[in-house]
Every structure is written in structure tokens, then in C-alpha cells.
Amino acid sequence: MPLTRFRLNGAETTIDADPDRSLLDILRGQLGITGPHFGCGTNECGACNVIIGDHAVAACDTPLWSVQDKNITTIEGLGGTHPLQRALIAEQALQCGYCVSGVLMSAAALLMRNPNPTGEDVRAALDRNLCRCGSHNRMVRAVLRAAAEMRAQ
Amino acid sequence: MTRPAPSSAPKLPGSLAANPVLSSWVRFSADGEVMISPGKVEIGQGIVTALAQIAADELDVDIGRVQMVRPSTAASPNEGVTSGSLSVQQSGRAIRHACAEIRQIFLDAASNRLGVGVDALDVKDGTISGPGNVSTSYWELAGEVSLDRDATPGAKPKPPTQRTLAGGSIRRVDIPDKVFGHPRFIHDFTLPAMLHGRVLRPELSAAKLVDLSEDRARAVAGLVAIVRDGNFVGVVSETEDGAENALRALRKDAAWSSGETLPDEDRLAEWLKVQPSELMVIDAKTASGKPAKVRTIQRQYTRPYLAHASIAPSCAIAQWAGQRVHVWTHSQGIYFLRADLALVLTLPVEDIIVEHMEGAGCYGHNAADDVSLDAVLLAKAAGGRPVRVQWSRQDEMTHAPFGAAMAIEIEAGLDAQGEIVEWRHRIWSNGHTARPGRAAQPALLAATELANPFPRYIATNPPQANGGGADRNSIPLYDFPSWQIECHRLLTMPIRTSALRTLGGQGNVFAIESFIDELASTHGEDPVAFRLRHLSDARAQDVIRSVARRASWKPEKQTGRGHGLGFARYKNTGAYCAVVAEVEGVEDVSVKRLTIAVDVGEAINPDGVINQIEGGAIQATSWVLKERVRFDRQRITSNSWASYPILRFSEVPEVQVELIPRPDSEPFGAGEAAHGPVTSAIANAVFDALGVRARDLPITRESLIAAMERVS
């Protein structure tokens, strides 16, 4: 098998696996990174979103070969200190929380590109993330709260 | 001396009556913690936090000392199923009472040890102290105080004014793990030497496996076993990827019979009405005196099949040790699941342990129980190793039970003044529950697929005393002089149905509240005033007045915008909820704002209640605007998020919730209170905006065009 190299949450990582396998499969299987969740396997729900570069992408629909030399961040890479995480707790912005790791990645990628988003910007950035519990408005408030906190720093 | 008859003895509250042993609910660990062990499970509704609040309050301990134990049939009280918005009533009241009694037992023990009267003792964060600086604690005394005794009805919980945590918006205890990405879901759980399983299910409804070649699947790397028992076929592999690949190979090499014929999805009401069914008169009320009816108005309302559509596909783990099996599941009813597993496996229940782990929100009976049996069957071939089984998105959308489609006819008899003097409400629907553990036969999917199969379990309805099923919320809360409520439960079930949030409540409230709105309009009366005039329940009036005030009823009319009202008391015995919806209907209908007033009695965690109401309101908006299980005559075709779309962030309305404080009232659950009122408020707002009565859900551009065509 050809080796695939990338940086995962800041750590140099080398994977010996079929390069056509999905990134999600490698993360959850070989690497034991369970933050990105399986939801559909077809890039329709956002539960497995990770950040590659400065964009959130569905890991289930990302072949391993395509992440060669890329920077990948999962929810684990945010540690426990990201303002978004504090804001989600402050707003109690979830119910079951299965979609949250993907939502966090979409939101974190948005804030990398746009530190001063409007509510509409946030909704647009999260539009490919599905939430079934109906916590959307709280999540939007949390993202705006985190953005304000990050700008104040 | 005569003993009092058992029926007149005071009863223990909530689930304590069936599980009276105090130590089954509460234990003190040696290191200063309190273990609270409910039988209700966390499904994202925040119940473990509310129960921790209640326990900490009654025991006078810091909530940080409270450890909530995950329910397991090995140790937890049997609290049936976590459903119907009953957990605070059943589990909360039990824990409150048990903790109040335990506090008193420890005060008595402390009094003996310290030589101080009970009345002079005080409890602060578990430390019991008295005059002269003497003190002990729950943990010091735990060794000498046995809680292996039954609760007694005499214990007195604190009055609401002395509670410091219950009634406060405490942050949920499960949320930090979820935002830090710490493994908490069953999906993220691994056991040593764990294998992965997948089950092959037919695309055609109830098709039978005719031919299967295993050769290509056997050649897939990592394969451990192919399990076949009749139409049940699955693979077990060393890796998840290997299981997926083996399943793919097996699917290519399987031949299935043609399936069972499904109804015409565009003629559901007609189909529902001609199926063999069982008729029940749910309620009847006869007016005194002569009926003064001069005319009758009749309307029909329909609701489609709805999917639970959890974001996570269902998942379970099972491990055999000899003839005993251990199951990890996100089922809502671990004891009920155990009972069904025992039936399928012909094992005594004592040989099965069912342990709960959190899954994604389920919103009723999804495939959580089905996948548990799948895992148990596949794990038989795993030589004692644990097997984790996860369904595909496609199977989750097509093989899990659905919320039942409904046709509802209401007929109102009006007198010469246009007042309602008669009311007839008729329902045609499959039963709204086919949960496991209730019958002499199992309700689990794989049980019907075995070589020696169990019959398909036809969904039933819980009795009205338990809130009813298809008939839930069908008895009007309005003071009509007479009524007749009838429910036809289908005896055929080509499309599998079971409990979805509110059971029939959403459909019935949609029908009643739409019709009331229409009758008010026909009568030339404001819908708020019309409802208030027909409601004698003061709490019902309060939520309607509150929501009308908050929404500045009735806002000025703007072109293309409309406002509508909906109201219900969930199950007629639970939370009161009134909603004003604001919709915009230019091309597609969108919901802009939902203003909600709710009365849940005592709110243990007000923010948790608001979160549940908001979530329920947004989910109901999704049901109303988007959702409908699609099928052709042979198969369910809505098998993905693309073919079963749900509401997205950009489509979600603003939601405002006003919670009416009732700290002295019995607590009611909040999880299902909003769905019916939101549904009808949106439909009524659509009429206000467009002048069309939407009587068939979902309300889409197509369904509105059809409704307009019917009118013209």
C-alpha cells in the first residue's frame, strides 16, 4: 500500500492503507478518532465534518489519497479551550449532541475565514449540517457569541 | 382490628410504587459521592440533569457529588420505557420521595450517633451537623445505615420554596463531553477484541431471500463469519471496513423474491379507510335535551408516514458468554428489550443483561431495539467476542418503524346561531406503538426474518388512560355539549409503524385546531376569543392569553404574510401549550416566527424545558413543511437525506418561548407538548396568508396547489 502523510490535529501522521478508503473510516478505525461521527456516508448530513485547510468537509466523502500533505483538524484538535466550545455550553446549544462535532467544525472553519459573521452567514455556513433535535437557533447564538469573544481577544 | 384494604393505603409516588427498595435508587460511595440510579435513559432530553437536580436538592448535597448511573437490567429499577414525556413524573417523583426519606433515615442515624435531637440537626452538602460543633455525614454513616428497605409513603419532600436546585436552569451534565468530542455515544464505544457486523436487508418490502452465494463475501479480508438463518443474513468481520465490503459482496450475490404490495402513496386516506380494522369508541358525550342541529360541516385531514430520521444510524453491541448474553443498546426500554430478546432466544431473562448507552436522539421507537437483536444474532458466531452492529443510513430510513399515517374526519353540528352542538371525530390509522416487551410475541425486525419466524407484530394503541395512541388528543378540551370520538385501528400493516413523538397527538391536534379555526372564521369570530369562549380550563385559557399577548395578537395584515394560532394540552392531562405562527407564503411557504406559551407545571430545569419546547417546535415545523415517507408499490423510496429532506439552518424559524411558572403544580414533560399546536398554528397561518385551508400534511407548494384546485 502507498503511504499517505498528513498533519492531524498538529501531529505528523502516516497511514498505510488503501488510498481510496474514506478519511472517516481511517480516522474512526485505524486512528481511534471518534469525534467525527458517521451519519450517512454520502456527504448529506455533516456529522463527520472535519476541517481541511480552512474549510469544513465531510470526512465520509473524502478519499484518503486527497488529504496527502494536508492539515486536518477534528473536534479533538480544538482541545477543550475553543471559544465555540465554551459558547455551546453557555447557550446549552444542543440536545442529543450527535451532530455537534460536525457543526463545530463547520462553525470553526467559518470563523477562520470570517471573524465577524452575521446570523445569516452562520446559517449559511451550517446549512449542510443536519440537526434533528431542533437546536439550530441556540447553535447560531453560540457561534455569534464565540465570534464576539474571539474578536474581543 | 381490621387491616385497611390495600387499595386505600397511601401509594408511593411515580416509579417507586413498582420499585420500592431505596438502595436500588440511591447509594453513597465511600469517597463522598452519591450514586443515583434511575431506570429512565438519556436521549438528549436532559433527563439525567433534571433527576440529579431533584436528588441533590432533597439530599442537600452539592450537585457535583451526584453521579448518575447508566441504566442496566443488572441493577437499575425497572421504569419501563423512557417515553411519553413522563420521566419527570415517574422517575423524578420517585427520586424526590426516595431522597426525602433517605435524608430522614440518615438524620435519625446521626441523631443517635451524635446524641442530638433530629430537629437540631442540619444538612449541608452531605455533612450533618448539630449544636456544639458535632457533625457526621452521609458517607460516614453509610456503613451502618441500610437502604435495602422499602420506601414508605409517609416521607415528606421539601416544599417548593426550600428547593434551591430544582426550578433552576442548571447546565446539563452531559453537554461538556459532547462539545469536547469525548466518546459518550454507543457509536464511539469499543470493547477489547470487538468485531463488526452488518446485516443484509432487502430493498423490496418484506422480500424473501431466494438465493445467496457466499463465495465473494468469504474472500473479503477480515471476514470472521457469515450468519444465515432464513431471511436473516449478516456478516461479522475483524474491521468495520471489512464488514462493509463483505456486505457489499453479499448484496451483489443475493436474489430476493418480489416483495409485498404497498399502498398508493397519493391515495393514503382512501386506502386507510378500506383496510380491515378494529373500531373503538374512544369517548362519547350526549347532550341533555333535544339536539338543535340545523347544519353539519365535515372536513378531512391527513398526515403521512413520518420517519424518526435520527442523525445517527442505530447501533448495538452484543457479547455472548456461554448461554448468557450482554447487550449494549440505546433502546428506550432496556427491560422491555430484554423481554423480547428472551422470547426470540428462548432464554430466561436472567441470562440476558441489557445495558443502556447513549445514542442520538430517537424521537420515539426507531431501530434501536431492532439492531440490538441483530447484534445478538451475529455475536453468536463470534466465539465469545463482542460484535458491534451499525445500520446503514438507507436501512435506518427504510427498515426502522415509522410514525403512522392518519386520516381524520371531523364533523360539527351547528345550531341556528352557528354554535357547535355536536362533534364527531373519526380516525383511521395503524396503531402507534409496536414497542418490544409488551406482548407474547416479539416486535423486533429480525424475529420476522428467521427460518422459524415470528409473525409481524401489528402495531396497537395504548389505552386512553395512558394517553392513547392514534386517538391521543382526539377528545376535545373544548366544552362542546356532545361528541363521539371513534378510532379505527388497522389490522394490516404493509408499512411498519410504531411510536413517533406524540403518537397520534400531532395529527389529532392538527385536525381539531384547524377545524376550530375554520369554524371561528365561518362564525366571524376572532380565533382567540372563539377558543377562550369554549374553554373552561383556566390554565388552558392562560396559555392562550399569554401567547396572544406576546405575539401582539393579532398583528396587522401584510400581503403574503399570515398568523395562526394552535393550542393543546398534551394527552389532555399533560403540559399546556399555545402557539402563534407567522408564515410567509409567496412561492413556497416558510415559517418566520413561532411564539409559544407553555405550562408544564413545576419546571425542574426551566432552560431544559425551553430547549425541549424549542426543539419540538422546530422538529414539528420540519414535519409540516418537508416530511413524508415516500414509497412506490414495492419499496420505501425515501432512503436518504436527499429523498427525505428535513428542515435546514436557513429554514428554521425564530422561536420564542414563554414558560408560565407553576412551582406548586405537578410537573409535566415538555418533549412532546409543542408538536400539535405548532402544526396547527402553521396551517392556520397559511390560511391567513393565502386564503387556502391546508388539510393534508406536509404543507408544500404542491399540496397547496392541490388544495386550491379542490376549492375552485
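What follows is a walk through chain B of this predicted model, from its overall shape down to a few individual residues.

Chain B carries 16 helices and 24 strands. Its radius of gyration comes out at 27 Å, close to the 27 Å that the globule rule gives for 712 residues, so chain B is as compact as a globular protein of that length. The C-alpha trace spans about 80 × 75 × 55 Å along its principal axes. As for burial, 55% of the 712 residues of chain B count as buried. Contacts reach a long way along the chain: taking those between residues at least 6 apart in sequence, 79% join residues at least 24 apart.

Turning to the interior, the largest nonpolar core has 260 residues. Those with the most contacts inside this core are Ala55(B), Ala375(B), Cys577(B), Val579(B), Ile596(B), Val598(B) and Ile682(B). Ile682(B) gives a feel for the surroundings of such a residue: neighbours within four places in sequence aside, Ile682(B) is in contact with Gly564(B), Ala581(B), Val583(B), Val591(B), Thr621(B), Val624(B) and Ile699(B).

Another of these core residues, Ala375(B), sits in helix H9(B), where Ala375(B) is buried along with residues such as Val371(B), Leu373(B), Leu377(B) and Leu378(B). The polar side chains do not escape either, as Asp369(B), Asp370(B), Ser372(B) and Asp374(B) of H9(B) are buried too. In fact 12 of the 12 residues of H9(B) are buried, so the helix is largely enclosed by the rest of the structure. Its length is as it should be: at 1.5 Å a residue, the 12 residues of H9(B) (368-379) should span 16 Å, and the end C-alpha atoms are 17 Å apart, which agrees.

Towards the start of the chain, E1, E2 and E3 of chain B line up in that order as an open, three-stranded sheet with mixed pairing. E1 (26-28) and E3 (66-68) of chain B stand at the edges with a single partner strand each, so one side of each is left without a neighbour in the sheet. On average, neighbouring strands here are turned by 25 degrees against each other, direction ignored. Helix H1 (residues 47-59) of chain B packs on this sheet and touches E2 and E3 of chain B, its direction making about 145 degrees with that of E3(B). Within the sheet, E1(B) and E2(B) (residues 34-36) run antiparallel and are joined by three bridges, with Phe28(B) having Val34(B) in E2(B) as its bridge partner.

Strand E14(B) (residues 315-321) is mostly covered, five of its seven residues being buried. E14(B) pairs with E15(B) (residues 324-329) in the antiparallel sense over six bridges, and Ala318(B) stands opposite Val327(B) in E15(B). The two strands make a hairpin with two residues between them, and Gly322(B) in the turn has a positive phi of about 65 degrees. E14(B) is also joined to E17(B) (residues 387-390), again antiparallel, by four bridges; here Ala316(B) has Val389(B) as its bridge partner.

Last comes a loop residue, Asp188(B), found between helix H4 (175-180) and strand E7 (195-200) of chain B. Asp188(B) has 20 C-beta neighbours inside 10 Å and therefore counts as buried. Neighbours within four places in sequence aside, Asp188(B) is in contact with Pro183(B) and, from chain A, Thr34(A). Gly359(B) lies 171 residues away from Asp188(B) in sequence, yet the C-alpha atoms of the two are 9.7 Å apart in space.

Key:
Residues numbered from 1 in each chain as written. Chains lettered and ligands numbered in written order. Predicted model: local features only at pLDDT ≥ 70, side-chain atom pairs only at ≥ 80, totals over all residues. Expected span 1.5 Å × (residues − 1). Pairing = 2+ DSSP bridges. Axes fitted to C-alpha atoms, helices over the stretch in contact; angles between N-to-C directions. Contact = placed C-beta atoms within 7 Å. Rg over C-alpha atoms; globule rule 2.2 N^0.38 Å. Core = buried A, V, L, I, M, F, W, Y, C linked by C-beta atoms within 7 Å.
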